[in-house]
Amino acid sequence: MDAPFGSLDLTYQEEISRALPQLTSQIVTLLSQSQSRGNVTANLQGAATRMYVLRSVTPNRNAETIAINNRAVPYVTHGEFEHTLLEEVNV
């Protein structure tokens, strides 16, 4: 499924995230910060055995976080060269 939450408003994002775990036994979702707003992460987390963040490392001084389990998790950090890391988040 490509970007199931991308163009939906918050109400529909939350409804889909509540329904997805009931439709299948295995789900892999890639969500941006705007796609995981509201209760989307909490709704999907009940079915999640593992969660990961794709952390972008960039020479720019920008730093950004995403909230997971009411905890700020970095997903854009400063580094010498651009690359992306896959990091597991404790759920």
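Which residue in E3 is the bridge partner of Ile 66? The partner is Val 73. That pair is one entry point into the sheet of this predicted model.

Start with the overall layout. The protein contains two helices and four strands. Along the sequence they follow the pattern α-α-β-β-β-β. The C-alpha trace spans about 45 × 25 × 25 Å along its principal axes. Of the 91 residues in the protein, 27% are buried. Long-range contacts carry a fair share of the count: among contacts with a separation of 6 or more, 45% join residues 24 or more positions apart.

Now the sheet. Four strands form an open sheet in the order E2-E3-E1-E4, and the pairing is mixed. Strand E2 (64–68) and strand E4 (83–89) are the edges, each pairing on one side only. Ignoring direction, neighbouring strands of this sheet are turned by 30 degrees against each other on average. In general, strands of a sheet pair through backbone hydrogen bonds, either parallel or antiparallel.

Walk across the sheet from the E2 edge. E2 and E3 run antiparallel and are joined by five bridges. The Ile 66 and Val 73 pair mentioned at the start involves E3. E2 and E3 also form a hairpin, with two residues between the strands. In this hairpin Asn 69 takes a positive phi, near 55 degrees.

The next step is from strand E3 (residues 71–78) to E1. These two strands run parallel, with three bridges between them. Here Val 57 stands opposite Thr 77 in E3. The last step is from strand E1 (residues 51–58) to E4. This pair runs antiparallel and has seven bridges. Tyr 52 stands opposite Glu 88 in E4.

Tyr 52 also leads to the pocket. The largest pocket has a volume of about 830 Å³. It is lined by 28 residues, and those closest to its centre are Thr 29, Leu 30, Arg 50, Met 51 and Tyr 52. Which elements give two or more residues to this lining? They are H2, E1 and E2. E1 gives the most, with four residues. So strand E1 appears twice in this account: E1 bridges to E4, and E1 contributes to the lining.Turn next to the helices. Ser 17 lies in helix H1. Is Ser 17 buried or exposed? Ser 17 counts as buried because its relative accessibility is 0%, and the cut-off for buried is under 20%. A polar atom of the Ser 17 side chain lies 2.9 Å from the backbone oxygen of Glu 14.

Glu 14 has another neighbour, Gly 38. Where is Gly 38 found? Gly 38 sits in the loop between helix H1 (10–23) and helix H2 (40–45). Gly 38 and Glu 14 are 24 residues apart in sequence. In space, their C-alpha atoms are 7.1 Å apart. Leaving out residues up to four places away in sequence, Gly 38 touches Leu 10 and Glu 14. Glu 14 thus links two local pictures: the backbone oxygen of Glu 14 lies 2.9 Å from a polar side-chain atom of Ser 17, and Glu 14 is touched by Gly 38 in the loop.

Key. Residues numbered from 1 in each chain as written. Predicted model: local features only at pLDDT ≥ 70, side-chain atom pairs only at ≥ 80, totals over all residues. Heavy atoms only, no water. Contact = heavy atoms within 4.5 Å. Pairing = 2+ DSSP bridges. Axes fitted to C-alpha atoms, helices over the stretch in contact; angles between N-to-C directions. Buried < 20%, exposed > 50% of the residue type's maximum accessible area, 1.4 Å probe, protein only. Polar contact = N/O pair within 3.5 Å; in protein donor to acceptor, adjacent residues only side chain to side chain. 1 Å grid on protein atoms, 1.4 Å probe; cavity = no way out; pocket = protein on both sides within 12 Å on 5 of 7 lines; lining within 4 Å. Points joined across faces, edges and corners; volume = space filled by probe spheres on them.
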